[in-house]
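Please open the model in your viewer and set it to a cartoon representation. The tour begins with the whole chain and then moves inward.

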Amino acid sequence: MAPSATLHHLTIALSDTDRGVYESLDLRIARHPSETMRYLLARTIALCLLWEEGILFSKGLSTVEEPAVWIREPDGRVKLWVDVGAPSAERMHKASKHAERVVVVTYPDATAVKRNADGAKIHRAEHVEVMALDTAFLDALERVVPQRGAIELVHTGGRLYVTAGGETVEGDVTRTMLAPD
């Protein structure tokens, strides 16, 4: 019998002062058996930093045609496509043709994402945003974020502060575009 997903239940007090977003999120996050905790944390942070009405986790790693996080319009169009990791140029091209906005959340920096895109034809590459999180930050989060519980996530001045269980972990979010205009 194949192992099943692990359910994480997080209540997140989100304060994104850079965007003026203040929300209380009640998230149930299914972690696929092959999913690393870094990946789960990166996609959770992505959902928080891109929070707007209608944003959802997709079916996850088991459904390769879907991004990690997205916003779908009622008519089926994809408003936001968020991939985590270092997607191939072909995947970024497909996403950019399919969605109004594409964001890649990667760690530890944007080098691998840009290397994958180097010399490749990617539709609207200059509009693909790359958001990099530090691996050490994600590893520190893994030690403090509970499987079930409450956390506070503050984003200000491009810096993240995550508090869980009385302990605060901080790290930078570096944003760049995949290709210059």
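Helices and strands are here DSSP runs, of at least four residues for a helix (H or I) and at least two for a strand (E), numbered from the N terminus. The model is a predicted one. By this assignment the protein chain contains four helices and 10 strands. Followed from the N terminus, the order is β-β-α-β-β-β-α-β-α-β-α-β-β-β. The radius of gyration is 16 Å, close to the 16 Å expected from the globule rule for 181 residues, so the chain is as compact as a globular protein of that length.

Next, select all C-alpha atoms: their trace spans about 45 × 45 × 30 Å along the principal axes. Of contacts between residues at least 6 apart in sequence, 55% join residues at least 24 apart.

Now display the surface. Its accessible area is about 9100 Å², and carbon and sulfur atoms account for 50% of that. Colouring by charge brings out 21 positive and 26 negative side chains, with the centres of the two sets 5 Å apart. Of the 181 residues, 46% count as buried.

Then hide the surface and select residues 129-133, strand E7. Is this strand enclosed or open to solvent? Five of its five residues are buried, that is, under 20% relative accessible area, so E7 is largely enclosed by the rest of the structure. Show the side chains: Glu 129, Met 131 and Leu 133 point one way, while Val 130 and Ala 132 point the other way. In a regular strand, side chains alternate between the two faces of the sheet.

Finally, add residues 99-106, strand E6, which runs parallel to E7 and is joined to it by four bridges. Centre the view on Val 104, which stands opposite Val 130 of E7.

Terms used: Residues numbered from 1 in each chain as written. Predicted model: local features only at pLDDT ≥ 70, side-chain atom pairs only at ≥ 80, totals over all residues. Heavy atoms only, no water. Rg over C-alpha atoms; globule rule 2.2 N^0.38 Å. Buried < 20%, exposed > 50% of the residue type's maximum accessible area, 1.4 Å probe, protein only. Contact = heavy atoms within 4.5 Å. Areas by Shrake-Rupley, 256 points an atom, 1.4 Å probe, with all protein chains shown as cover. Lys, Arg positive; Asp, Glu negative; His and termini not counted. Charge placed at Lys NZ, Arg CZ, Asp CG, Glu CD. Pairing = 2+ DSSP bridges.
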